[in-house]
Each structure stands twice: as structure tokens, then as C-alpha cells.
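Visitor: I am new to this structure and should be grateful for a close look at one part of it. Could you begin with its setting and then go through the details in order?

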Amino acid sequence: MNFSELFKQSNQLCKVSPDGKYLATCVQYRLVVRDVSTLQILHLYTCLDQVSHMEWSSDSLFILCAMYKRGLIQVWSLEQPDWHCKIDEGSIGLVSSRWSPDGRHILNTTEFHLRVTVWSLCTKAVSYMKYPKACQKGIDFSKDGGYMALAERRDCKDYVSIFVCEDWHLLRNFETETQDLSGLEWSPNGCVLAVWDSCLEYKVLLYSLDGRLLSTYSAYEWSLGVKCVSWSPSSQFLAIGSYDEKVRILNHITWGKIAQFEHPASIDNTKATVYKEVERRPAVPSDELLQHNIKVGSTLLNTKSKYEICAPPIQIPVVKPDPDRANPKIGVSVLAFSSDSRYLASRNDNMATAVWVWDMQKMSLEAVLEQTAAVRCFQWDPRHPRLALCTGNSKLYLWSPRGCVSVQVPAEGGFQVQSLSWHCSGDFLILLGKDQLCLCYMDAEQEENGRLWRRKKDRK
Amino acid sequence: MTHFKLFENNEISRMSHVMMSPSRQSNLELAYSLSTYSVIGAFCTEDNVPQCLLHINQELASLGLPVCIEASSPEGANLNAVPVLNAVYELLQIHRRDMCTLEEMEKEQMKKSSSLDLIQMTNSRLKDQLELSIREKSGLYETERQLQLKLKTLQRCLKGEKDEVQKLQSIIASRASQYSHDAKRKEREAAKLKERLSQLLIDRKDKKLAIDVLNNLGRSDGKRSQWRTTKATASHEGEMYKFLLCDYEESQKSLVLENAELKKVLQQMKKEMMHILSPCQPSSRGATADEELAESDEDEKTRDSSRDTLDQSCEHAREQLTNSIRLQWRKLRNHVEKLDNQASQVLHQMESNKDMIPFETHQDEMERMRHEVQQCKEFIHAQQQLLQQQLSTSFDDETAALLYDCYTLEEKERLKEEWRLFEEQKRNFEKERRNFTEAAIRLGREKQAFEEDRAAWFKNHFLNMTPFTNRRRCSSSDGQSSLSIISEPEIRMSVKAHKAKASTYTTFSTPKSSRSTAAPSTTDLYRTLRLIPDCSSSMHSNQVWQESSTNGDEDIRIKSKSRGLHCSDLDIFALGEDDSLT
């Protein structure tokens, strides 16, 4: 495993272009585009203010930089550095901005969710979508970019509008059977739209592309409900994480529940492997060594950690949530399927130090990673069944079916990994610190030779 | 009569006993008085004998005995002894009988009294128990009363709680409705405000709201944007449905595939079941063979029909298949159960026979082993005997060995002879071979000489033919000419190249490409002159080398020399060699 030097960034704005060739980072009001292979700066653009959101167009030709405070958007072209585009939303304000899938339209959501403005870079035309709903996930494009689903709120009722992205033609508009719609998401094949209600009610609705209600699923009543929803890449499963600390898996044929994954505080499942991160502080060096090591003191202060395989039963530390506060820290809030739909990773908020990996073939718990600190972010390799996670310290953690490894990022100055994202080839990871970033290159051989903790064979 | 008499007697005795029982005391007193009779005064004195007699007679009469005591003399003291004795005897008898009955009665009385005691004891115990249970009962009554009281209070509580809950629920409901109402109201207000805001924004005609693009971009798909028409909307609809249809078709396809797979599995399972069941049916179910036959016929039919309709995948076929599978499964289960039973029975039998069977076999085994031991002993004995015999007749053996040696010697001799013959043949063959190779070499040299001669002749001829001899020579020697005949230096050059090539071929057998890069012009020339066959030359040289190496060291030396010196005719030689070999 190799690491690049550190680069500056701000607001954790650092994205690789969809074609995987360029790396765009924002440093205050500057946008820097680097070649991914050489890391040399190709372009440098200067925006009008500090950038709060940055996004690549789908064809990797344009970059959108949004400055929400000013209600401004600037678009830069990679092919023509002289080309520029500036969109001003005016006094109405701006809260979110995004590309349409064709990379020629920009969708701006104004303040108070008054409307969604669609700007065309081809014709300078502007069109509005009224009554967008302010919710967890109110807009979603289908994976092939053909359709857009928009959650709307009119007359105290929830509606979903389906637009054809090609010419923003309204294909369908239907009322949903929700009290307070919280989010919607297309299945990866683009044929089914999952819609879920707010946490006050456990309700997941599945609509066909043509607006027909396919199925309704509700696991229980009178308790806080859905917290997150995720489709498997194969569109075969819909995983629903809820406040009762369970994940329920629906199938795509009957839309019924086929499995339920619980997150118990005490694991006594003998088939699952539990990796526990163990920290070891290096022994206090003697005076001579100390003098010698003053320069490399920063690395010396870092604690070493490794994974140990624990035999069940194991207690996972649980933080009891405050019942008087809104949005209690309990329940499954993050769900992620591996690219081959084989594994599902989940995090239960009241056990923030643990990541749970489930095998979708056996429908059982595969592994539990118990970290020493709360897990900040985890993401699957887009090519291989490999999970990378970070806990806000200077280490990177990787899990694969073969084992688990913890890697110290060899950067000076206390680089702490706050979030991470994979390159689309799965060859390297982008590690984002507070105001720096670092690339971590995967090496097949290195991974083999690394501190991989293989499973013991006698534990079956 | 006697019986009756006895009974009467008994009766009388009882009666007398009854009568006597109160008089027992008096009797005792009487006895007492009798013992003291002599001292105080007797019952009978000489004076009152007749009175006494009378009295005794009366007494006896009262006792039911015949009155027979008479005085032998009217006033004398002598008595008639016989009746008196009889009477006394009678009296004694009566007395004994009475004593017996008395004893019995006493015993009975004892028994009765003891049983009475027992009964009294049990009675008292029972009384105690009764008292206890009564007390208990009262206690239970008390607790029950208390519990009922509690229940009542609890019920009252429950009712209260229920009321409370209802009240709370109603409050919650009202609050919820109020909340939702409020929320709706607020939402409406918010919507109104939003509307107003947007209206205001539109009215104000926000000048800032603008897009500033250097030059418009083309669409990502390169097409021009289209007008919104009904046709476009229709096409959108169509596309959407097409999209959905595709997806459904795909899912249907996958489902059909899965179904087919499952059906196949079912079929196979069924087949295997039938296979498992069929051979053991006749043996296991002899009695129900006819039934079995009928069933299997039925199975056959269903199977055939299911196979026919498998492709149609209609409901009927599916039902049939599942039914037949179910039937088979039931049969299999029965069969397995039966086998299980049998196995357990057999096991049971085994267990019961465990001690018996081994005993017999044990006997047999012992017998057999004894026999074996006997045999072994005999064998050893025989061997010992033979050994001794051998020791005694060792001289004879030596002669035999000598004889045997003679035979082998003869054989050896014969083999040696053959070997020598073979060696000679080999040598001859070798010589012949060398001759051949030498002849081939000579032939090669001759050929070379001939070639040189011919070249010289051609040269001469050519030079003679042309008038500008000097100039021509210069131009031809300079380099590539259009002439079809090769000049001297060129040959040398090409030969050099070729030599290098040949060596590489022999050692490394490099691919063709290296040859083409080495000297393309000369090789081309050679090829045009047909001096080198395309690639066979290298092959030949290779072969030659290998051949020579097998032949012997001398040949190698010769060949290497010839290659070093006369490389130009290598191919020729190779050809010659080829000829000679063939």
C-alpha cells in the first residue's frame, strides 16, 4: 500500500471525475484539477467565493461549483479553460445544486424549497418545478439518467412527479400514501421507485415507473420507523434500516420480507467473525531515543493498532440514547451493499464503534468490526468485495472476506481521516482529512503481505 | 338323637353357665367355706345327713341331674356310693366345662377391650384431625375473603386505570388531531407564504436572476433539442412502457429459467426416488405386490403425462408432477421407516443372540486353530527331518552343483559367441557408414569444384561477350545490380551472413524474424536465385548437425571444418547429405 503526499482541500470537497481521469479539489475559492495518474495540476480555476459544493458532470467535461451563501453557481469546462458560466439565483437564495444526468442542465433548489430551477447550458432556458418537498432525499435520478423522481408537497399531501430527463417532460404525477414522505430512491434497474415515510411511521411504498403502487411494507406500528433505505446493485434486494436496530431485506418478486438482521449488543453467533481493534501504545522510549526521535515525535505519538479475532460471546459497547431528544442516536442509519451485491454493511447508531457485514447469500452475519472509536464513514470498493472505513484517526481500515487490516497513514502533522471515497477502478482511495487529502494506492501483492489477519481454520 | 342330646347338653351347659355365672361368687365362697369347713363347722355332720342328702338332691335336681343319692340306711351315715360318685363326676364335668367357657369368655373380653381401646384411639385421632381441618377451613375461608376483597379493589383500580387510559387516549387523539390540524394549518400558511414570496419575486422581476454563459453548449448526445409536442409525449409514454416491458420480460425470463431448473430437479428427484424404490419393492413388500404394481403403473402414466406436458407448464401438469412426487415421497418415507424398524429389529436380535452365536463360532474357531497348530507342527517336523537328511547327504549335493555349473558354462560360452558376432556386425556397419559419409564429402567437394568451374566459365564467357570489360567489372562489383548472376564479393558477404545465421540456428534455433533483419537484400537475392530454399536450409543444417553428432567425433570435426572453410556450399552439402541419407 502506497500513499501520496498531502494536498490541501477545504470543506472536504474533493471528487474524482466519473471517467476516473481527473481529481478536482477545492481550496477556499480555488478549484484545482489534477491528473489522477501523475497528480500534476492541469487546471486552476478561481471562483468568486468560497465553494460550498462541487460536482462533476456525468461526461467529466464540466465542474459545477456552488456558493450557497451568495446564491451563485459557476461552471468550468475542462476542454475549454476560457469557457465560463455563471448562474445567479438572485435574492431567493440557494440551498442545493446538482447536475442533471445529461451534464447539460443544472437543478437548483431555492431556499425554503420554493421551487427547483432547471437551467439549460445548451439554450440558457430556465424552467421551474414547483412545490418540491424539503426532506431527506427529495430528488433522485434513475441510474441510466432517463428519469427523475421528485417528491412534492401540495395541500398537505405528498406527491411524486416523474420527469423524463431528456426534455423535462412530466411523465407521471401521483399522490403517495404517506403521512410525511421522507425519501425516495430508484432501483438500480430504474423500474421501481421506493418511497418511505418519515420516522414517525414505518412505511415503505414501492411504485412502478408508471406510477402504479406495487407494494406496501410496514414492519410495525406505534414506534419510530424507517431510518435508511438502500437498494442492492442487482435490484434484487431492498434493505431497510430502522430505529428498532434491525435491517429488513425485501425481495423484488413478492416485495415481502425475506430476512431480518438484528444488531444485538451481545454476539454469540459462532459463524460470524468478530474483529476487535486493539490499540497498543508504544513503550516510552529512553532519553537518548527520545532526543533522537524528537523529529519524528508526531509519528511516535501515534498508537499502533491491530485486529484480534474474538471468540463469541462478545459484548459490543452500547450508548443509551437520550429519549428526550429528537432524532435519537439509535437504529440502523447507514447501509451499503458491495458492488457484487454479495455483502451488506450496516452501522447501528447506538453501537457507533461497530460495523456489521452481512452475507447476502447465506443471509447471515459474516463479520463484525469493532473499532476503538466511532466509525465515521465506510464505503465498498466499486470493483471488489472490499470495505474501507475510517474512524477519524490516522488509520485506514480495510475488510475483505479474507481478513481485516488496519493501516497507519504515514503522513506528518496528524492527518486524521474524516472520510474516504474509492476511485472508480478500485485502485486507490481518497482519504479526506480536515483540510487535507491523501491518496492511498492499493497494491495486490502488498495486500497479501500486509498484516492480514486470516481466519483461523479451526474456527468454522 | 345323640346330636340332639349334645345340643341339648350344650344348651343346658350354657344355661347352667348362665345361671351359674352370678353364682360364681357364691361358689367361690362355698369353696372357701369348704376349705374352712373343718374349722368352723361342716355342711354335713353326722346329725344332719338326711337333711344334707335332701338338700343335695334338691340342688342336683335343680341342676337337672337325676336325684339318686340315697342313704343306704335310713338313718345311717353310709351312702350309696355309685350314684354319689356319678353325681360328683357329673358335677366335676360341669365344673370343668364351665371353667373352659369362662376362660374363653375372658379371652374374648380381653380382645374386645383391646379393640375398644384401638377404636377409641383412632376416634380421638380422627377427632383431632377433624378439628384441624375445621380450623384450616376457617383459615382458608378467611384468606379467600381477603383475596376477594383485594380482587374487588383491584378491579376497581383496573376500571379506574382503564378510564384513565381511555381518557389519556382520547387526550392523545385530540392532541394528535389538534397537532395535525395545526401542522396542516401551518403548512398551509407556509405554502401561502411561499406562494406569496414567489409571487413577489416574480413581480419584482429579480434582475440578478440570470445565467451568463460564454457560448451555448451542444447537447451531450449531439442531437438538437426538440419541441414539446403531443407526439413527443406519446413517444415518452411508449418508451416508458417499452422500458417496463423489457424489465418484466427479463424478470419473467429469469423466473422461467428458475422454474425450469426447479422442475428439472423435481423430475430428477422423482426419478431417483423411483429408482431407489423399485428394486426393493418386491423383496420388501411381497404381500402387497399387486397393489404396488398398480401404483407403479399409475406412476408411469403420470410421469409420461407430466413429461408430455412439461413444456406447456400448465397447472395441470404441475399438479400431477407435485402429486406424483408427493406420492413417491410418502412411499419412500414409509419404506425408510420400515427399513428403520427392520434395522432396529435386527439390532435387537443381534443383541439377544450376541452370546449364542459367538459361542458356536468360538468352538469352530478353536477347532480350526488346533488343527492348524497340528499342521504346523507336522510341517516343522518334516522340515527338521529334511534338514537332517540334507546334512547327511551333503556330498551328493556338491556333484549336483557341479553339473549345474557345467550347464551354465555352456550357456555362457554360447552367449559370448553371439556377442562377438554382434560386435563384428556393428563394426562393419560403422565402417560402411564412414565410407558413406566420406563419399558424400567427396561428392560435395567435387560438386563445389564443379560449381566454381562453372562460375569461372560463366564469368569468362560473360566477360568475353561484353566489349567494355573493365567498366562492367567495376559496376558489377560495386553493389546491387539488376543482374541475375552474383558477383564474387557479394557472395562472400552473404555467405558470411548465412554462416552466422546457421550457427545461431544450430545452437539456439532462433525464430525467422532475426534472419530477415540480418541481411534482407542478400537473402532475397539468394532466394530469387534459388540457392537457398526458403527455410528448409536451416532445417537441413539442423538435421545434419544432429546426424553428425550421432555419427562420431571425427565427422563433427570434418563438418565443422567444412563449414568454416566452405560455407558457401553449405546448402549444397546439405542437399547432398540429404540425398546420401535418403
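**From chain B to the strands and loops of chain A**

Guide: In chain B, among contacts with a separation of 6 or more, 61% are between residues 24 or more positions apart. The model is a predicted one. Chain B contains 16 helices and one strand. Of its 582 residues, 16% count as buried. The area that chain B exposes is about 47,800 Å², and carbon and sulfur atoms supply 59% of it.

One element of chain B merits attention before we turn to chain A. Helix 4 of chain B runs over residues 81-204, which amounts to 124 residues. From its first C-alpha to its last it reaches 176 Å, close to the 184 Å expected at 1.5 Å a residue. Among the buried residues of this helix are Pro83(B), Val84(B), Ala87(B) and Ile94(B); Ser198(B) and Leu201(B) are buried as well.

Chain B also meets chain A. Between them the two chains bury about 4,100 Å², with 56% of that area on carbon and sulfur atoms. Ile211(B), Leu217(B) and His236(B) supply 17% of the area that chain B buries against chain A, more than any other three residues. The contact draws 37 residues from chain B and 48 residues from chain A.

The part for the close look is strand 4 of chain A, residues 22-27. This strand is mostly covered, as five of its six residues are buried. On one side of the account stands strand 3 of chain A, residues 14-16, which pairs with strand 4 in the antiparallel sense over three bridges. Within this pairing, Cys14(A) has Thr25(A) as its bridge partner. The two strands form a hairpin with five residues between them, and there Gly20(A) takes a positive phi near 80°.

Strand 4 of chain A is also joined to strand 5 of chain A, residues 30-35, by six bridges, and these two run antiparallel. Val27(A) stands opposite Arg30(A) in strand 5. This second hairpin has two residues between its strands, and Gln28(A) in the turn has a positive phi of about 55°.

Beyond strand 5 comes a loop that leads to strand 6 of chain A (41-46), and Leu39(A) lies in that loop. Most residues other than glycine have a negative phi, and most peptide bonds are trans. Leu39(A) has a phi near 65°, a positive value in a residue other than glycine. Leu39(A) counts as buried because its relative accessibility is 15%, and the limit for that word is under 20%.

Two other loops of chain A bear on the same rule. Met363(A), in the loop between strand 33 (354-359) and strand 34 (364-370), is not a glycine but has a positive phi of about 55°. With a relative accessible area of 24%, Met363(A) is partly exposed. In the case of Pro313(A), it is the peptide bond that stands out: the bond from Pro312(A) to Pro313(A) is cis, with omega near 0°. Pro313(A) is found in the loop between strand 29 (304-310) and strand 30 (314-315).

A last loop residue is Gln418(A), placed between strand 38 (403-408) and strand 39 (419-422) of chain A. Gln418(A) is buried, at a relative accessible area of 16%. Its side chain makes a polar contact of 2.4 Å with the side chain of Arg376(A). Leaving aside residues up to four places away in sequence, the residues that Gln418(A) touches include Gln12(A), Cys377(A), Cys390(A) and Leu432(A).

Notes:
Residues are numbered from 1 along each chain as its sequence is written. Chains are lettered from A and ligands numbered from 1 in the order in which they are written. This is a predicted model: local features need pLDDT of at least 70, side-chain atom pairs count only at pLDDT 80 or more; totals for chains, interfaces and linings use all residues. Side-chain values use heavy atoms; hydrogens and water are left out. Helices (H or I, at least four residues) and strands (E, at least two) are DSSP runs, numbered from the N terminus. Buried means under 20% relative accessible area, exposed over 50%, partly exposed in between (1.4 Å probe, protein chains only). A polar contact is a pair of N or O atoms within 3.5 Å; within protein, one must be able to donate a hydrogen and the other to accept it, and residues adjacent in sequence count only if both atoms are side-chain atoms. Contact means heavy atoms within 4.5 Å. The expected span of a helix is 1.5 Å times one less than its number of residues. Accessible areas come from the Shrake-Rupley method with a 1.4 Å probe; for residues, only the protein chains shown count as cover. Two strands pair if DSSP finds at least two bridges between them. Buried area is the accessible area (1.4 Å probe) that two parts lose on being put together, summed over both.
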